[in-house]
Each structure stands twice: as structure tokens, then as C-alpha cells.
Amino acid sequence: MGLEVMEVISGWMEGEIKSFIKVWLLVIASLSYCYSVSRNVPKGPSRLLTTLPVVFLNLLLPLNLHTLHLGVSSAFFLAWLCNFKLLMFAFGKGPLSNSSLSLSHFLALACLPIKAHHQNNPSTKTTQKGLKSLRNYGIKLLLIPLFLKAYDYEDRIHPKLTLVVYTIHIYVGLETLLAIVGGLARASLGIELEPQFDEPYLSTSLQDFWGRRWNIMVTRVLRPSVYLPALNISQRLTGRKWAPLPAILATFIASAMMHELIFFYMGRRWPTWEISCFFLLHGVCLVVEVALKKYHGLSGERGLPRIIAAPLTVGFVMVTGFWLFFPEFLRSNAMVRASKEYEAMGAFFRDFYRAL
């Protein structure tokens, strides 16, 4: 790559980093305002009205960023995690409603994928788990350069195999990114890091995959903000036994809408609704799965043997992903853009090192 091109890339990355800093300074300011609101405005409609401007601001701020690594991750943290927590906070629910939180902890819990659990005399078991996770994340981080190298030979690889590589890359990239963010919060604020994924390739059912293993922080946010309110409503209409079914479907509808929004930030394209179809399909299938278990009196862990259930579950997720999820992902040129961003970050930090 020529020197002039590298200078252009480095300059572009420098501009993106400046925008990133400005965006997050505004986030800190707006969330500090919300923190003061919690001390002065009672929960309910009044607090909701004072919080809504910040919710709308969080929807607009990611539009100032254009990279996958800074822009899309900021969109996820702000437009999804932070906004859902703020809406719960307005009604005295969720982790932000804890009146004992300091400002720094309030800021971290508002927009980062961490759980409100402090490290007070951690046990040996917890420490060992953290060390194991650190080694696990390190190995997965080393896989990313291998994925990028594989894309150089994309024209020689079968398209279906390429999609498999994309799937693994997305999983490894998401888990590593969320672990880094959570690790920084743990180091600076003493907030315990919990894994954002729990080996989803070992899932034995859709309930196991979506409820316990895949993007656990999103599950924790959707459960109190969407699932439980929908469950309370449906209990009045269907009774306690079958109430979880419409609540599950409502949760997947909310997840579908938020994924459409994140993909809009990624590609700045109007949705084709394939992403929504993917989540609605999985929502309906999960409803059927839970209904069958209830009808036959099976608990959440009982079902087919793991050696059969795991390949069926993971295979279903991947096949439906290839069909409905990845077409929109590929239209946004995500992997090509990611490779260019790695080059841009390398050029930027090289110039920064030379300047020092």
C-alpha cells in the first residue's frame, strides 16, 4: 500500500477517533444528568419525561460514527443496552435504580455489558474462573488475524464455508470485544466481569441457546424490560401455565426491532426485514419447543440426548442464519470494512508511535 494512501487512512482513523471521544463525552454528560434526576425526580411518568431526551440522544449519537468497531459497538451500547436500562430506570426498575450507586458505577452500568456485582473478597473459585476465561479470550483473540488472512483467499473457498468462517468470526469478535470492555470496567471500577457468552456451540435446545448461552447481557436486559411485563399481561389472558409463550414471542419481536436498528447503523440502509424474519422464526420455534415441553411435562433440561440435541440446535441456528441473517450482513460489506479498519488502526497507531 502506498505511503499517500496510508496517510489518508491514518487521517481518516484519527477523525473517527476524535468523533468517538466527542460522542462518549456527550454520553458521560447526559448520563450524569440522569444520575442527578434519580436523586430529585420520583420514578414514574415524571422521571420518564426527564429521561426521554437522553434516550433520543442515544439514538442519534451513533450516526456520528462510521466504523464497525467504534460505530456499531457504540450503537449497541447506547441505542440498545443503555436505552433499555434508562427506560427501566424511569420506572424504578433495573440496575440503575440502586440508590447506593456512585456516579462512576452508574455510568458504567448504564452503557456497558457488565453486571452490578462488586468484587468483595472474591472466592478462589471465582478467581480461577476469571483466569480460565482470560486464557480462553486470549486464544480467541489470536484467531482474528487468521480469519482476516482467510478472507484473502475468499474467491477460492466455497461460499457456504465462507459463511461458516463469518459465523465463527462474529462470535469470537463479539465475545472478545465485550470481554475487553467488561475487563476495563472491572479493573477501573471493581465491577465483576461475567462472560457474555457461555459456549453457545454446546447448546442443546433453542431455549438453552437464547436463554443461557448467547449474548447473556442482552438476555438480562430483555428479561426485565420486555419479557416480565409481557408475562404479567399474558397471565391475565392465558393463565400462568401458558403465559410464557406470548411473552417469549414479544421478547423476540423486540430483539428483532433492535437488531434491525443496529444493522441500520452498520450499513445506513433501510431494512429488508430479513433480520426480523430470522428472529420471528426463532421466536415461533422456541414457543413451540416450550409448549411441547409443557404439554409433555418436561423440565427445561430434559429432552433429546446432548449428542443429538447439540448438532441439531447449532445446525438449525446456522442454517437459518445463512438463509435470513447473513444476506443483510454481507450487503453491508462488513468483513471488507473490518479488514480496512484493522489496516487503518495499524496505520494510526504506527503514526502515533512515531510522533512519540
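This report walks through the aromatic pairs, helix packing and some individual residues of a predicted model.

## About the model

Residues are numbered from 1 along each chain as its sequence is written, and side-chain values use heavy atoms, with hydrogens and water left out. Because the model is predicted, local features need pLDDT of at least 70 and side-chain atom pairs count only at pLDDT 80 or more, while totals for chains, interfaces and linings use all residues.

Helices here are DSSP runs (H or I, at least four residues), numbered from the N terminus.

## Aromatic pairs

Let's start with the rings. Rings of Phe, Tyr and Trp (its six-membered ring) pair if their centres lie within 6.5 Å; planes under 30 degrees apart count as stacked, over 60 as edge-to-face and the rest as tilted. The model has 21 aromatic pairs by this rule. In one of them, the ring centres of Tyr-35 and Phe-106 are 5.3 Å apart and the planes stand at 65 degrees, so this pair is edge-to-face. It brings together distant parts of the chain, with Tyr-35 in helix α1 (residues 3-40) and Phe-106 in helix α4 (residues 103-111), 71 residues apart. Both Tyr-35 and Phe-106 are buried, where buried means under 20% relative accessible area, exposed over 50% and partly exposed in between (1.4 Å probe, protein chains only).

Phe-209 and Trp-214 offer a stacked pair, because their ring centres are 5.6 Å apart and their planes lie at 10 degrees. Phe-209 is buried, at 7% relative accessibility, whereas Trp-214 is partly exposed at 21%. These two also belong to a cluster linked by ring pairs, whose members include Phe-197, Trp-210, Phe-252, Phe-263 and Phe-325. Elsewhere, Arg-47 lies over the face of Phe-89, 4.7 Å from the ring centre; the rule for a charge over a ring is that NZ of Lys or CZ of Arg is within 6 Å of the ring centre and within 35 degrees of the ring normal.

## Helix α9 and its partners

Now to the packing of helix α9 (residues 244-267), whose axis comes within 10 Å of that of helix α11 (residues 306-331) and crosses it at roughly 25 degrees. Axes are lines fitted to C-alpha atoms, for helices over the stretch in contact, and angles run from 0 to 180 degrees between N-to-C directions. That angle makes α9 roughly parallel to α11, since angles under 35 degrees count as roughly parallel, over 145 as roughly antiparallel, 65 to 115 as roughly perpendicular and the rest as oblique. His-259, Phe-263 and Met-266 of α9 make the contact with Phe-325, Glu-328 and Phe-329 of α11, and contact means heavy atoms within 4.5 Å.

Helix α3 (residues 68-90) also packs with α9, at an angle of about 150 degrees and with the axes 9 Å apart. That makes α3 roughly antiparallel to α9. Among the α3 residues that meet α9 are Val-72, Phe-76 and Trp-80, and the α9 side includes Met-258, His-259, Ile-262 and Met-266.

## Helix α7 and the loops beside it

Helix α7 (206-213) follows a loop that starts after α6 (159-189), and Glu-199 is found in that loop. Glu-199 is not a glycine, yet has a positive phi of about 45 degrees. Most residues other than glycine have a negative phi. The buried residues of α7 are Leu-206, Asp-208, Phe-209, Trp-210 and Arg-213, and they pack against α8, α9, α10 (274-296) and α11.

Just after α7, Asn-215 takes a positive phi of about 45 degrees. Asn-215 lies in the loop between α7 and α8 (216-238) and counts as buried at 13% relative accessibility.

## Three more residues

Ser-234 lies in helix α8 and is buried, with 5% relative accessibility. Not counting residues up to four places away in sequence, Ser-234 touches Gly-239, Ala-243 and Pro-246.

Leu-280 sits in helix α10 and is partly exposed, with a relative accessible area of 34%. The C-alpha atoms of Leu-280 and Phe-252 are separated by 6.3 Å, although the two residues are 28 apart along the chain. Pro-327 has its place in helix α11. Its C-alpha is 9.0 Å from that of Ile-275, with their positions 52 residues apart in sequence. Leaving aside neighbours within four places in sequence, Pro-327 is in contact with Glu-274, Gly-321 and Phe-322.

How values were computed. Helix = DSSP H or I, 4+ residues; strand = E, 2+ residues; numbered from the N terminus.
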